[in-house]
Amino acid sequence: MPKNPFFKNIRFPNVFILLIIVFVSCALLICINFFTIKILSANRAYVNGESHYSKGQKDASRHLITYLYTKDENQWKLYLEELEVPQGDGIARKTLLKVGDNKVAREGFLIGRNHKDDLDDLVWLFVNFQQVSFLAKAIDEWGQGDELIFKLFIVGQQINAQIKYNQLTAASQKNFLNKISSISDKLTVNERNFSNTLGEGTRKIKSLLIITNIVFILIIVLSVCSYYSIMVKRLLVSKKEIEIKNENLIIVNRELDRFVYSASHDLRSPITSLKGLIEITQLEDDIDQIKTYLDLMHKSLTKQDQFIIDIIDYSKNKRKQVVMEPVSLQELFREAISQLMHIENANRITFTQELLVDQIHSDGLRLRIIISNLLSNAIKYADINKQEMFINIKTYFDDGYNKIEITDNGIGIKEEFKDNIFEMYFGTNKNKGSGLGLYIVKEAIENIQGNISVFSESTIGSRFVVTIPN
């Protein structure tokens with residue numbers, strides 16, 4: 001029986017997804033095991049280093065006591081040589097705490113008789129896990145031990161000085177012996193605590209490793225078991241997404257048809273009007289009448305120019321990627337107002353600005369389109385019957401968002417039109433605009449993840465509030 005081509009097509013992607021899940025789980029398991037082994041290896045290196053630290057300290061104490069009673073210079077040299085072992089480890093600890101991994105820290109570990117092959121693990125564990133509880137506690141014990149080593153060093157210097165200047169007495173010998181013994185006893189406790197802490201950490205890591213292995217093995221098993229149910233859900237989701245895309249495509253095609261029809265009409269209308277005006281003007285001898293016709297031609301061209309600008313803005317908003325950058329709202333408003341002053345009655349309008357926010361991080365191109373269209377509408381739909389016409393501009397920061405308010409006392413929007421003003425080619429007065437402006441504004445705001453609200457009352461005025469993510 002021939003295989004259904006549909007199942008043939010989905011078979012390999014399903015197997016691939018399963019392999020990815022298993023591969024990722026195995027890779028994580030390997031990584032966790034690798035780093036766990038690396039931590040355990042570093043712990044082992046620290047325990048080994050502690051044995052050198054402890055032996056060096058004890059040998060140094062022994063040679064110092066011998067020197068205290070024999071005054072043998074060779075014993076003094078052996079004391080200094082053995083004391084360098086814990087001192088070297090101390091240098092490594094201080095350097096790693098202040099600077100991190102560097103040559104001085106590694107040389108300190110070598111002086112502490114740590115094996116050169118263990119240096120990477122020693123430094124790596126310290127730098128990356130010094131805040132982890134068990135290692136932080138061990139480092140604290142190490143620091144206390146270094147303080148005692150320094151005290152032992154001071155005692156050694158005092159003994160050497162008294163021997164050189166023949167000031168050593170039986171009483172001072174006894175006093176020094178007590179100090180050395182006391183320091184050695186405290187160091188023994190520190191060294192034991194250090195080893196016990198690392199041992200406890202190692203046991204915890206071992207337990208976590210076992211648990212982690214069990215968890216990831218279960219993940220791999222469950223991934224295989226849940227494979228078929230996941231794929232069924234994906235097929236259903238995919239089917240639904242295709243249906244949604246088809247619906248969106250139908251809407252886009254309708255919108256495109258409407259755009260092409262309206263655009264061709266709006267582009268031809270001024271041209272037809274111009275041709276008629278030119279023919280009439282050619283037959284006219286009256287200069288005043290000719291000027292009237294020329295003024296009508298200018299208005300027709302201005303309308304067509306605005307429509308072309310709207311189409312360009314529409315194209316830019318649709319095609320250009322959103323680019324987040326520092327933008328000056330003050331500069332955008334200044335530029336927009338200066339470019340819109342050619343609109344009829346614009347020079348009669350009073351512009352006021354209260355810019356509490358200037359520099360924001362957003363898309364400059366779309367903000368320019370939004371501001372220009374909103375101000376253009378406010379000017380075009382000004383109420384010329386009012387003695388004072390104004391447009392108030394305000395920017396501020398509120399509740400985690402940047403906001404732009406543009407308020408006017410124009411003719412306002414009738415209640416029945418409010419729900420449609422952001423639709424393509426909707427306009428309450430086609431002589432004043434193309435019907436694209438607010439549609440473009442809405443899309444531009446959505447592209448920068450913002451929103452717009454409108455509050456308007458017929459004959460009173462309008463207020464548009466643009467909310468922009470910070």
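This note covers an enclosed cavity and the short stretch around helix α3 in a predicted model.

1. On enclosed space, the structure holds one cavity of 30 Å³ or more, and about 160 Å³ of space lies in the largest cavity. As general background, empty space left among the atoms is shown by rolling over them a probe the size of a water molecule.

2. As for what surrounds that space, 14 residues line the largest cavity, and those nearest its centre are Glu50, Tyr53, Asp89, Trp142 and Phe194. By residue class, the lining of the largest cavity divides into six nonpolar, four polar and four charged residues.

3. Turning to the elements involved, at least two residues of the lining of the largest cavity come from each of α1 (5-70), α5 (133-164) and α6 (170-225). Of the contributions to this lining, that of α1 is the most, at four residues.

4. Helix α3 spans residues 103-111, and its buried residues are Ala105, Gly108 and Phe109. Seen down the axis of α3, these buried residues line one face of the helix, because they fall within an arc of 100°.

5. The two ends of α3 also deserve a look in the viewer. At the start of the helix, Asn102 places a side-chain oxygen within 3.3 Å of the backbone nitrogen of Val104, while just after α3 the residue Arg113 takes a positive phi of about 65°.

Technical notes
Residues numbered from 1 in each chain as written. Predicted model: local features only at pLDDT ≥ 70, side-chain atom pairs only at ≥ 80, totals over all residues. Heavy atoms only, no water. 1 Å grid on protein atoms, 1.4 Å probe; cavity = no way out; pocket = protein on both sides within 12 Å on 5 of 7 lines; lining within 4 Å. Points joined across faces, edges and corners; volume = space filled by probe spheres on them. Nonpolar A, V, L, I, M, F, W, Y, C, P; charged D, E, K, R; others polar. Buried < 20%, exposed > 50% of the residue type's maximum accessible area, 1.4 Å probe, protein only. Arc of directions from axis to C-beta. Polar contact = N/O pair within 3.5 Å; in protein donor to acceptor, adjacent residues only side chain to side chain.
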